[in-house]
Amino acid sequence: MDDLDDITGGDEKRRRTLRQLLDQLARSNNPLLREMATAVQDGQLTLREAATSSTYGNELTAPFATFWNAYQEMTREERDNLPRG
């Protein structure tokens, strides 16, 4: 997982969180995301390659699209009350 340091800017907390997310994806009900996460963890694929691939990219971005649509429908107050990372 060489590119994790680059992606996280060397921040250990972010790196740890990203590893935890990959662990969750490796146990996902979605077989395509399980395959991708395992390949990244095993060093067969970088996270950047996965995110930009036609095979995995759509699977990774679909949840964000769902969130973004819901976010756009929120009131300003609802947006302000969202947890900040």
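**A few notes on the helix packing and the core**

1. Let me start with Tyr56. Leaving aside residues up to four places away in sequence, Tyr56 touches Leu32, Glu35, Met36, Leu45 and Ala50. Please keep in mind while reading that this is a predicted model.

2. Tyr56 also belongs to the largest nonpolar core. This core has twelve residues, and the other members are Leu4, Leu18, Leu22, Leu33, Met36, Ala37, Ala39, Val40, Leu45, Leu47 and Ala50. Two or more residues each come from H2, H3 and H4. Which helix gives the largest share of this core? That is H3, with five residues.

3. Next, the pairing of H2 with H3. Two packed helices are described by the angle between their axes and by the distance between those axes. Here, helix H2 (residues 12-26) packs against helix H3 (residues 31-41) at about 135°, and their axes are 7 Å apart. An angle over 145 degrees would count as roughly antiparallel, while 65 to 115 degrees is roughly perpendicular; H2 and H3 are therefore oblique to each other. The crossing of H2 past H3 is left-handed.

4. It is worth colouring the residues where these two helices meet. On the H2 side they are Leu22, Asp23, Leu25 and Ala26. On the H3 side they are Leu33, Arg34, Met36, Ala37, Thr38, Val40 and Gln41. By class, the residues of this contact divide into seven nonpolar, two polar and two charged. Several names will be familiar from the core, including Leu22, Leu33 and Met36.

5. Leu47 deserves a look of its own. This residue is found in helix H4 (residues 47-52). Is Leu47 buried or exposed? Its relative accessibility is 14%, and buried means under 20%, so Leu47 counts as buried. Setting aside residues up to four places away in sequence, Leu47 touches Asp3, Leu4, Ile7, Leu18, Leu22, Met36 and Val40. Among these partners, Leu18 and Leu22 are core members, as is Leu47. Leu4 is another of the partners: Leu47 and Leu4 are 43 residues apart along the chain, yet their C-alpha atoms are separated by 7.6 Å.

6. Finally, Thr66 makes a good counterpoint. Thr66 is found in helix H5 (residues 57-73). With a relative accessibility of 56%, Thr66 counts as exposed, whereas Leu47 counts as buried. How far apart in space are Thr66 and Gln41, C-alpha to C-alpha? The separation is 26 Å, with their positions 25 residues apart in sequence numbering. Gln41 itself is one of the H3 residues that meet H2.

Terms used: Residues numbered from 1 in each chain as written. Predicted model: local features only at pLDDT ≥ 70, side-chain atom pairs only at ≥ 80, totals over all residues. Heavy atoms only, no water. Axes fitted to C-alpha atoms, helices over the stretch in contact; angles between N-to-C directions. Helix = DSSP H or I, 4+ residues; strand = E, 2+ residues; numbered from the N terminus. Parallel < 35°, antiparallel > 145°, perpendicular 65-115°, else oblique. Left-handed = near helix turned anticlockwise from the far one by under 90°. Contact = heavy atoms within 4.5 Å. Nonpolar A, V, L, I, M, F, W, Y, C, P; charged D, E, K, R; others polar. Buried < 20%, exposed > 50% of the residue type's maximum accessible area, 1.4 Å probe, protein only. Core = buried A, V, L, I, M, F, W, Y, C linked by side-chain atoms within 4.5 Å.
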